[in-house]
Amino acid sequence: MYVRFIRWASDRLNDNGIIAFITNNSFIDSLTFDGFRKVLREEFSHIYIIDLGGNIRQGDKTGNVFNIMIGVAITFLIKKQDNNSNPCEIYYYKSIENSGIDKLYFIGKNKLKDINFTHVIPKNNHWINQSD
């Protein structure tokens, strides 16, 4: 359902703006979301993703910030009018904290500019866990 909310919010942005969502993190590397990732790259000039993990169903025992079974991500989608000819820049951070409380503390004490993001260069609309 969050894909629809992102679409709704994106349709209401002008040429410049920021959308921020806290969602399930499955869109980051799921094969079924390759089309969604492609559309995000086409519509936005910068994407920042903080992957908080916590998907118990996939064996992640580090803890979840919401005490739920699925992983969580915070995503910032940025549109800049003057950046239409440049490819979208994607930045990714995978949380290394060991508990949901530690993850919340990390988010609370760090500014976005201070987080050590990895610049992602997509390959066939795959952002992480890329393969041939």
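# Buried and exposed residues in a predicted model

Student: Does asparagine 125 count as buried or exposed?
Tutor: The model is predicted: local features need pLDDT of at least 70 and side-chain atom pairs pLDDT 80 or more, whereas totals for chains, interfaces and linings use all residues. Residues are numbered from 1 along each chain as its sequence is written, and side-chain values use heavy atoms, leaving out hydrogens and water. Buried means under 20% relative accessible area, exposed over 50%, and partly exposed in between (1.4 Å probe, protein chains only). Because its relative accessibility is 19%, asparagine 125 counts as buried.

Student: How does asparagine 124 count, buried or exposed?
Tutor: Asparagine 124 is found in the segment after strand S5 (118–120), strands being DSSP runs (E) of at least two residues and helices runs (H or I) of at least four, numbered from the N terminus. The relative accessibility of asparagine 124 is 59%, so this residue counts as exposed.

Student: What is the phi of asparagine 125?
Tutor: Most residues other than glycine have a negative phi. Asparagine 124 has a positive value, near 55°. Asparagine 125, also found in the segment after S5, has a positive phi too, near 65°.

Student: Which element gives the largest share of the largest nonpolar core?
Tutor: A nonpolar core is a set of buried Ala, Val, Leu, Ile, Met, Phe, Trp, Tyr and Cys residues joined through side-chain atoms within 4.5 Å. The largest one has 21 residues, of which Phe27, Leu40, Ile47, Ile49 and Trp127 touch the most other members. Two or more residues come from each of helix H1 (2–11), helix H2 (34–43), strand S2 (46–53), strand S3 (72–79) and strand S4 (89–94). The largest share, three residues, comes from H1.

Student: How many residues does the other core, with Tyr48 among them, have?
Tutor: Isoleucine 47 touches residues including Leu40, Phe76, Ile90 and Trp127, not counting residues up to four places away in sequence; contact means heavy atoms within 4.5 Å. Apart from the largest core lies another, which includes Tyr48, Ile50, Leu52 and Val72 and has 12 residues.

Student: Which side chain does a polar contact of 2.8 Å join to that of aspartate 51?
Tutor: Aspartate 51 lies in strand S2 and is buried, because its relative accessible area is 5%. A polar contact is a pair of N or O atoms within 3.5 Å; within protein, one must be able to donate a hydrogen and the other to accept it, and residues adjacent in sequence count only if both atoms are side-chain atoms. A polar atom of the aspartate 51 side chain lies 3.0 Å from the backbone nitrogen of glycine 53. The 2.8 Å polar contact joins the side chain of aspartate 51 to that of asparagine 25.
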